[in-house]
Amino acid sequence: MIAINKIREEKAKFVDLAQKMWDYPEVAYNEVKAAEWTAEMMKGYGFEVEVGAYDLPTCVVARYGSGHPVIGLLGELDALPGMSQKLQTSKEAVVPGGAGQGCGHNLLNVACLAAAVGIKAEMEAKNLPGTIVFYGCPAEEVLTGKVFMARNGAFRDLDCAFAWHGGMANAIGLGGGNGLNSAIFHFKGRTAHAGGDPHNGRSALDAAEIMSVGANYLREHVTSDIRIHYSYKEAGTAPNIVPDKAAVWYYVRGASRPTIEETYNRLVKVAEGAAHMTETELEIEFLGGCYNGMANEYMAKMTYELMGQMEKPTYTQEELDFADALNKQSPNYEMAMASGMLAGGPIMTTLAPMVKMMGGGGSTDVADVQHIVPCIMVSTATCNAAAPGHSWQITACAGHSIGYKGMLFGSEVMAAAAIKMMEEPEHLVAAKAEFDEYMKDKTYKCPIPMDIPIPQPQK
Ligand SMILES: [Zn+2]
């Protein structure tokens, strides 16, 4: 296959870009270098490139071709704070407290980029009509990058889209994943000497604590898909000063936008009640939200079948030993042993069964794209089979040949599936029919209102 040959020929360049992003991890909305390197490479491959697309300074869009079908590939650029890790099998940061590729987005970005390059080569050779659009998306880790992009018009012109994520297994998910709303509740009170004149104080910390008591009672009276988490951002300075400022950051997760919005609105009432009780002022900083996952089953099954027939990566003894050493230090090791996850070796080489997940778990802003066009997320093994999510082990593998092998396999799978959709139009028709049926009584309503500003790079 031309696309796959092209990906293999250009392998060194792709690995080099992924390595650069691993060496220089940038957190959400600060992916300045990653965006620059990505844009440069895509220009070199003859794509029409825009940096700062949809008013997001670090968003890259690279297009090739014209007309339909228009197929999107969703790369991601951001690293995780606190995930710095050396390329070794014991936990040690390169920069203590620094950022690192703890979710492997260096691989994610390059897997989608390389797929686009491969698809372009095949389109050129065969004169295939259509357009390929690669997105270097900022800020997936804060779950708002693609949502801001969607708010400002992205993805509407696509016929379908592919996302990819490295992980423990070679697999394709069928839905699942919660949507969420994220907001910081700021309370403002009046300071006073806690011993001398407490009657003059109005404690913002009291308001925050009462809000959390209310939220914890609310938990009992919501549907079982709802998850509410919070963390204190600000809670006063010293016990003898009545805190005049406090802030709590909340996530409300759920299996559908209506349940998320309903619960979020009730949480706002809880916060207002807390402010009322403590005579403090409430200000809500709405950070964003995203949809629940909704993979296109037709595309997932078609791609899964292709993936099953494709050549999987094989590993050297050094790679297997590296993964084995990591597995043995994982808190998931016992569970992975018991469940047979390690039966095939320290890195998964087989295809995991396709299972339909119903809600639950974490969130991703890919879900918003899944509510705009038919879209799936492909996964390939890029780390040791027992690695915990968002961990130093993932960072280590994302800079290792284990990660690069999975990344390139992911590119090949996406390229093969995209070409199939270009050459055999009936697949797109079927994927669209399923999507239209699911969306027939829904419309995509962006979870982030127009007046919320797009975060800017901090450097
Ligand atoms: Zn991720």
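The exercises below work through the zinc site, the aromatic residues and the overall fold of a predicted model.

**Exercise 1. Identify which residues coordinate the zinc ion, and describe how the donors are spaced along the chain.**

Solution. Begin with the atoms around the metal: the zinc ion is coordinated by SG of Cys-103 and by NE2 of both His-105 and His-165, at 2.1 to 2.3 Å. Next, place these donors along the chain, where they follow the spacing C-x1-H-x59-H. Then turn to solvent exposure, for which buried means under 20% relative accessible area; Cys-103 and His-105 are both buried by this criterion. Finally, since water is not among the atoms, the site may look incomplete.

**Exercise 2. Find which rings are linked into a cluster, and which charged residues sit over a ring.**

Solution. Start from the total, which is 12 aromatic pairs in the structure. Ring pairs then join Phe-185, Tyr-230, Tyr-232, Tyr-250, Tyr-264 and Phe-286 into a cluster. For the charges, Lys-120 lies over the face of Tyr-64, 4.9 Å from the ring centre, while the charged end of Arg-257 is placed over the ring of Tyr-291, at 5.8 Å from its centre.

**Exercise 3. Decide how compact the protein is for its length.**

Solution. First take the secondary structure, which comes to 14 helices and 11 strands. The radius of gyration is 23 Å, close to the 23 Å that the globule rule gives for 459 residues, so the protein is as compact as a globular protein of that length. As a further step, consider burial, with 56% of the 459 residues counting as buried. Lastly, among contacts between residues at least 6 apart in sequence, 82% join residues at least 24 apart.

How values were computed
Residues are numbered from 1 along each chain as its sequence is written. This is a predicted model: local features need pLDDT of at least 70, side-chain atom pairs count only at pLDDT 80 or more; totals for chains, interfaces and linings use all residues. Side-chain values use heavy atoms; hydrogens and water are left out. Donors are N, O and S atoms within 2.8 Å of the metal (3.2 Å for Na, K and Ca); water is not among the atoms, so sites may look incomplete. Buried means under 20% relative accessible area, exposed over 50%, partly exposed in between (1.4 Å probe, protein chains only). Rings of Phe, Tyr and Trp (its six-membered ring) pair if their centres lie within 6.5 Å; planes under 30 degrees apart count as stacked, over 60 as edge-to-face and the rest as tilted. A charge sits over a ring if NZ of Lys or CZ of Arg is within 6 Å of the ring centre and within 35 degrees of the ring normal. Helices (H or I, at least four residues) and strands (E, at least two) are DSSP runs, numbered from the N terminus. The radius of gyration is taken over C-alpha atoms; the globule rule is 2.2 Å times the number of residues to the power 0.38. Contact means heavy atoms within 4.5 Å.
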